[in-house]
Amino acid sequence: MKTQFTRTVAVVTVELTLCLFLAACGADISARRGTGHSASITFGPEQRLGQNDKNPSTPFLRFAPDGRLYAVWTEDDDGPSLKPKQPAAHQHKSRIKMAPSPMRVALLASSANGGKTWSSPKRVNDRVEAIEGEEGGPRLAFGPDNKVYVVWSIPNQRGDKTRANIRFAMEDGKGGFIPARTLNEIKDTARFPIVELAPDHTVLVAWIDRRIDNPTPRDLYLMRISPNGQQLTRSYKVGEGLCECCRLGIAFADGGKTIYMVDRQVSKEQIRNHVLRKSTDGGATFGAPAEFSDDGWQVPSCPHSGPSIGQDSRGYLHMTWFTLGRSPDKAGVYYTVSKNGGQTFAPRQLIHANTAAEILHTTQAVTKDGTVYFAWDNLDEANRAQIFFRILAPDGKTWSPVQQISRARGNANRPALALSDKELHVAWTETEGEESWVVLKSAALGQ
Amino acid sequence: MGRVKERSAWPMKTPRLQRTAFRRMSFSGLALFCCVADLIFQPVIAWSQNTPQSRRDSAPAVGAAAFSFDLKSLDGKPVGLQTFHGKPLVMNFFASWCDPCREEIPLINDLASKASKDGYSVLGIAVEDGRAAVTQYVTEANLVFPIALDLNSSVKRIYRIFGPPATFFIDAQGVIRDIVLGPMTPERARDGLKKAGVFR
């Protein structure tokens with residue numbers, strides 16, 4: 001009896017040990033990399049941006065020079081085309097059931113207290129448009145006087161998002177926006193705009209252009225606009241061979257004389273590697289694109305997920321991107337750094353492996369000292385997209401563990417980050433069925 | 001105490017030969033039970049493995065059964081793989097924002113216009129897209145085949161669509177016979193239809 005008991009105890013012990021060992025082996029490898037761990041961050045509670053019944057989505061965050069946090073996002077238009085004919089008491093329910101309109105409004109709001117409270121949303125687009133969301137959603141930049149510049153893209157008149165137009169609007173100084181105008185001179189050829197204020201205070205807008213449709217890979221076009229909205233240059237081509245469906249990234253150095261841009265290239269063999277382009281003449285011309293990682297991702301379809309770039313006070317260029325790589329087991333969110341202005345790049349580091357078949361969307365924010373904050377989407381155990389977060393210390397080796405910061409019932413996608421000396425904010429879109437909403441989470445830094 | 005006694009007393013009452021025979025019987029019974037259980041539960045296990053949550057590690061492959069799913073069409077009707085059972089199916093994943101999808105869509109539409117005559121079906125599955133954009137796209141491109149909305153990306157994930165377009169040619173028995181990742185060509189379409197049992 002005693003022997004049997006001892007045997008049972010031994011068997012259970014061995015099984016438990018085996019279970020613990022297997023569980024340890026199954027843990028995320030990336031979280032255990034590096035010699036030390038940077039501390040995780042404690043985020044505050046979730047907040048919502050926008051009106052729940054108008055399907056807010058596609059947030060973009062940025063700090064203004066005066067320290068206020070701004071957010072731009074899109075919502076369903078509540079114009080006459082959407083209003084149901086039922087009595088008011090039934091409006092909410094019937095609104096969800098009726099065929100929605102693709103028409104959206106872009107809204108802007110600011111927070112002077114670290115995202116705790118927000119100003120009333122201000123409409124950016126003067127007329128209702130089918131504003132493209134997700135990868136091609138609205139972006140904003142600030143003048144030195146906090147003037148807001150916003151760009152977005154809209155499909156052509158037939159509703160074709162792949163033959164789109166870049167729209168630009170700026171604050172009028174009276175609490176509203178000057179009516180938006182189209183920037184691309186050749187109609188129905190431009191998508192995925194970004195906007196940045198150059199150190200000389202001119203506004204730089206870049207986009208992916210298809211005015212020459214053959215060969216298929218797209219071109220990179222820039223346009224420079226004065227602080228008061230006057231067009232300083234026509235749009236001009238600075239690069240080619242771009243993947244047709246991905247967001248761009250940009251960073252300035254040397255007082256604007258040097259401009260770095262990142263994008264995804266596509267070869268004739270449909271290999272999509274990410275590249276850095278460098279201009280040393282203030283964006284007039286760019287050198288040959290330099291691959292910062294030979295991922296060898298060969299895909300003939302539309303992996304709409306662009307790279308991000310940021311620079312610290314040491315001049316280091318930090319880049320993050322998603323790739324499927326040469327096989328699904330190499331898929332994930334990656335990071336690299338260039339310490340010599342894009343001449344060479346450190347071997348890529350895996351931030352988070354892809355947990356299932358999914359295109360992931362990643363973004364980053366870099367502090368002056370070189371701390372890099374990453375946010376991306378990936379699937380959880382229940383196959384729902386969630387937002388994940390990680391920090392890389394300035395030594396370039398010490399990673400915080402991977403933190404899941406969303407608890408979406410449906411899917412949480414496309415995070416946006418904003419960083420100041422004291423605060424970090426992450427916003428994303430959550431969707432469940434046909435409904436969407438924007439979530440914001442904030443954390444205090446330096447604690 | 002009584003239960004222990006009862007259990008310990010039971011073998012004592014069994015003669016040695018009987019016990020051996022019983023052991024043999026119990027082993028063969030166990031084996032038989034396992035076989036029967038296997039037969040009964042295998043489809044249940046296979047079905048459960050076919051659910052979205054448990055398909056993370058299995059990729060759709062030529063020669064394998066297509067994964068079942070339940071979606072809603074643009075007009076809110078239920079659409080699943082079983083809707084098309086008994087006929088070859090061309091299942092096209094697309095998005096209204098996707099450039100290569102727009103390039104291939106006239107060809108998919110052409111396949112759909114001939115589907116009834118040639119005895120197969122075409123289903124479009126819109127991924128990472130909203131009802132409004134898809135509705136507009138269907139009107140704009142004059143699509144003549146049923147469209148299902150994969151609003152929660154569940155079907156996209158089980159079929160491992162790393163970016164649309166992607167097309168699966170499924171035979172009348174629900175087995176995947178060809179997969180085209182990226183834009184369709186007339187040659188690939190003809191080939192896929194043949195493999196799925198059309199034009200026999």
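Start by selecting Arg102(B) and Asp160(A): their side chains form a salt bridge, 2.9 Å from N to O. The model is predicted, so treat every distance on this tour as computed from predicted coordinates.

**The interface**

Stay between the two chains. The pair you have just selected is a salt bridge, and the count between chain B and chain A is nine salt bridges. Next, turn on polar contacts. Between chain B and chain A, 13 residue pairs are in polar contact, with both residues at pLDDT 80 or more.

Now colour the helices of chain B. Three of them, H3 (99-118), H4 (131-141) and H5 (154-158), each supply at least two residues of the side that touches chain A. Which helix gives the most to that side of chain B? Select H4(B): its contribution is five residues.

Zoom out to take in the whole contact region. On chain B, 30 residues are in contact; on chain A, 39 residues are. Together the chains bury about 3,100 Å² between them. Carbon and sulfur atoms carry 50% of that area.

**The disulfide**

Go to Cys98(B) and Cys101(B). A disulfide joins them, with 2.2 Å from S to S. Over all chains, the structure holds one disulfide. Check the torsion next: 85° about the S-S bond, a right-handed link. Are these two cysteines buried or exposed? Both Cys98(B) and Cys101(B) are buried.

**Cysteines of chain A**

Move to Cys246(A) and show the sulfur of Cys243(A) as well. Why is there no bond from Cys246(A) to Cys243(A)? The closest cysteine sulfur to that of Cys246(A) is the one in Cys243(A), and at 3.6 Å it is too far for a bond. A disulfide needs the sulfur atoms within 2.5 Å.

Cys246(A) has a relative accessible area of 2%, so this residue is buried. Add Cys245(A) to the selection. Its relative accessibility is 1%, so Cys245(A) counts as buried too.

**Confidence along chain A**

Finish by colouring chain A by pLDDT. The mean is 88, and 86% of the residues reach 70 or more. Then select residues 16-35 of chain A. Here pLDDT stays under 50, and the model has 17 contacts beyond four places in sequence for this stretch. Select residues 80-100 of chain A next. The pLDDT is below 50 there as well, and the stretch has 22 contacts in the model beyond near neighbours in sequence. Where pLDDT is low, predicted coordinates should not be read in detail.

Definitions and conventions: Residues numbered from 1 in each chain as written. Chains lettered and ligands numbered in written order. Heavy atoms only, no water. pLDDT = per-residue confidence, 0-100. Contact = heavy atoms within 4.5 Å. Buried < 20%, exposed > 50% of the residue type's maximum accessible area, 1.4 Å probe, protein only. Buried area = accessible area lost by both parts, 1.4 Å probe. Salt bridge = Lys/Arg side-chain N within 4 Å of Asp/Glu carboxyl O. Polar contact = N/O pair within 3.5 Å; in protein donor to acceptor, adjacent residues only side chain to side chain. Helix = DSSP H or I, 4+ residues; strand = E, 2+ residues; numbered from the N terminus.
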